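This report walks through one protein chain. Keep the sequence and the 3D view open while reading.

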Amino acid sequence: MALVTLDYLMKKAMKGNYAIGAFNFFTYENLIGIGLAAQRKNSPVIAMASVGAMKIMGEKGTVGACYGVARDYDVDMVLHLDHATDYDLIRRCVDNGFTSVMIDASSKVYQENVDITAQVVEYAAKYGVSVEAELGHVGGQEDHIKVDEREALFTVPEDAKRFIKDTGVDALAIAVGTVHGFYKSEPKLDFPRIARIHELVPTIPLVLHGGTGVSDDDFKKAIQLGVRKINVGTELKVHGVFDVSKQAYASDSGSDPRSVSVKVIEACAKIVESRIDVIGSVGKL
Ligand SMILES: [Zn+2]
């Protein structure tokens, strides 16, 4: 058990008709919580570093930490770069041992998205690193755009088929009603659209971003329709790390930060375990 590629886990998930959780980490305790949860559930897991996190952690340190945690907890773990827009950062992550990268050129027009994605695929392929791209655009809650404007950014199924052919990516993030961050009202997923995309690109694992706040039933339905990777970030960041650290520092009378670390690890592990239970990767190591 060690670091594995996204492609490896996705192929297994496609065969078994389940999804694998992808969890953001920002601190070492956060990462340990992910590894611990994977071990407890006997589940493979995807650990994701965002571009913002990379500015703090550095490529080599991130790879070393992730490699060590996967071995300590004896689990299959993907180290994935989330939402990268910068080719140089992607190249550095590939060079240093990431096993998967996401190139997000979803805010660009179709051909520009294809061009940069294909360039990343060509580079990553030399090192056996998997590539996820995004077509359509999954926005953030902070974007304040109206529902009909958001729907205009949903992935067009026929375009997805063309995009896969034009780029050769291993996984595709689709815009079907989820957003990043906390939801102000319950998210409405466009299930017929997920089904149609899966029908047109049946061998490509689909990725759902913005997993925080999506109901268990919606997750299960999306997985039945072809979603194979589900991203959860906000929940870990806010409930797993920030709230727990703040509360623990405020209530602990001692001067040993290790007591806080233990609480953060456990809080992160609990969140990851509950997601693993829902998406069906328990026992899939
Ligand atoms: Zn995302």
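Two strands count as paired if DSSP finds at least two bridges between them. Helices (H or I, at least four residues) and strands (E, at least two) are DSSP runs, numbered from the N terminus. This is a predicted model, in which local features need pLDDT of at least 70 and side-chain atom pairs count only at pLDDT 80 or more, while totals for chains, interfaces and linings use all residues. Residues are numbered from 1 along each chain as its sequence is written, and side-chain values use heavy atoms, with hydrogens and water left out.

**The strand pairs**

Start with S1. Strand S1 covers residues 20–24. In S2, Ala22 has Ile46 as its bridge partner. The chain reaches S2 from S1 by way of helix H2 (residues 28–41), in a right-handed β-α-β crossover. Right-handed has a set meaning here: with the strands pointing away from the viewer, the path from the first strand over the helix to the second runs clockwise. S1 also pairs with S8, where Lys229 is the bridge partner of Ile20.

The table lists the strand pairs and their bridges.

| Strand pair | Sense | Bridges |
|---|---|---|
| S1 and S8 | parallel | 4 bridges |
| S1 and S2 | parallel | 3 bridges |
| S2 and S3 | parallel | 6 bridges |
| S3 and S4 | parallel | 3 bridges |
| S4 and S5 | parallel | 4 bridges |

Next comes S3. His80 in S3 has Met48 opposite. His80 also stands opposite Ser100 in S4. Ala84 faces Ile103 of S4. S3, helix H5 (residues 87–96) and S4 form a right-handed β-α-β unit. A right-handed unit is also made by S4, helix H6 (residues 110–126) and S5. Between S4 and S5, Ser100 has Ser130 as its bridge partner.

**How covered the strands are**

Buried means under 20% relative accessible area, exposed means over 50%, and partly exposed lies in between (1.4 Å probe, protein chains only). In S1, 5 of 5 residues are buried. Its two faces are both covered: Ile20, Ala22 and Asn24 are on one side, Gly21 and Phe23 on the other. S3 is mostly covered too, with 7 of its 8 residues buried. In S4, Ser100 and Met102 point one way, Val101 and Ile103 point the other way, and all are buried.

**The zinc site**

Which residues hold the zinc ion as protein donors? They are His83 (NE2), His180 (NE2) and His209 (ND1), at 2.0 to 2.1 Å from the ion. Donors are N, O and S atoms within 2.8 Å of the metal (3.2 Å for Na, K and Ca); water is not among the atoms, so sites may look incomplete. Along the chain the donors follow the spacing H-x96-H-x28-H. His83 and His180 link distant parts of the chain, 97 residues apart. His83 sits in strand S3 (residues 77–84), and His180 sits in the loop between strand S6 (171–174) and helix H9 (191–200). His180 is partly exposed, at a relative accessible area of 25%.

**A pocket**

Rolling a probe the size of a water molecule over the atoms shows where empty space is left. On a 1 Å grid over the protein atoms alone, a pocket is an open set of points where a 1.4 Å probe fits, with protein on both sides within 12 Å along at least five of seven lines; lining residues have an atom within 4 Å of a point. The second largest pocket has a volume of about 310 Å³. Of its 17 lining residues, the closest to the centre are Asn24, Asp82, Gly233, Thr234 and Lys237. S2, S3, strand S8 (227–232) and helix H11 (234–251) each give two or more residues to the lining. By class, the lining has 3 nonpolar, 12 polar and 2 charged residues.

**Two asparagines with positive phi**

Most residues other than glycine have a negative phi. Asn17 has a positive phi of about 60°. Asn17 lies in the loop between helix H1 (6–16) and S1, and is partly exposed at 34% relative accessible area. Asn17 and Leu225 are 208 residues apart in sequence, yet 9.3 Å apart in space, C-alpha to C-alpha. Asn42 has a positive phi too, near 50°. Asn42 is in the loop between H2 and S2, and is partly exposed, with a relative accessible area of 39%.

Terms used. Points joined across faces, edges and corners; volume = space filled by probe spheres on them. Nonpolar A, V, L, I, M, F, W, Y, C, P; charged D, E, K, R; others polar.
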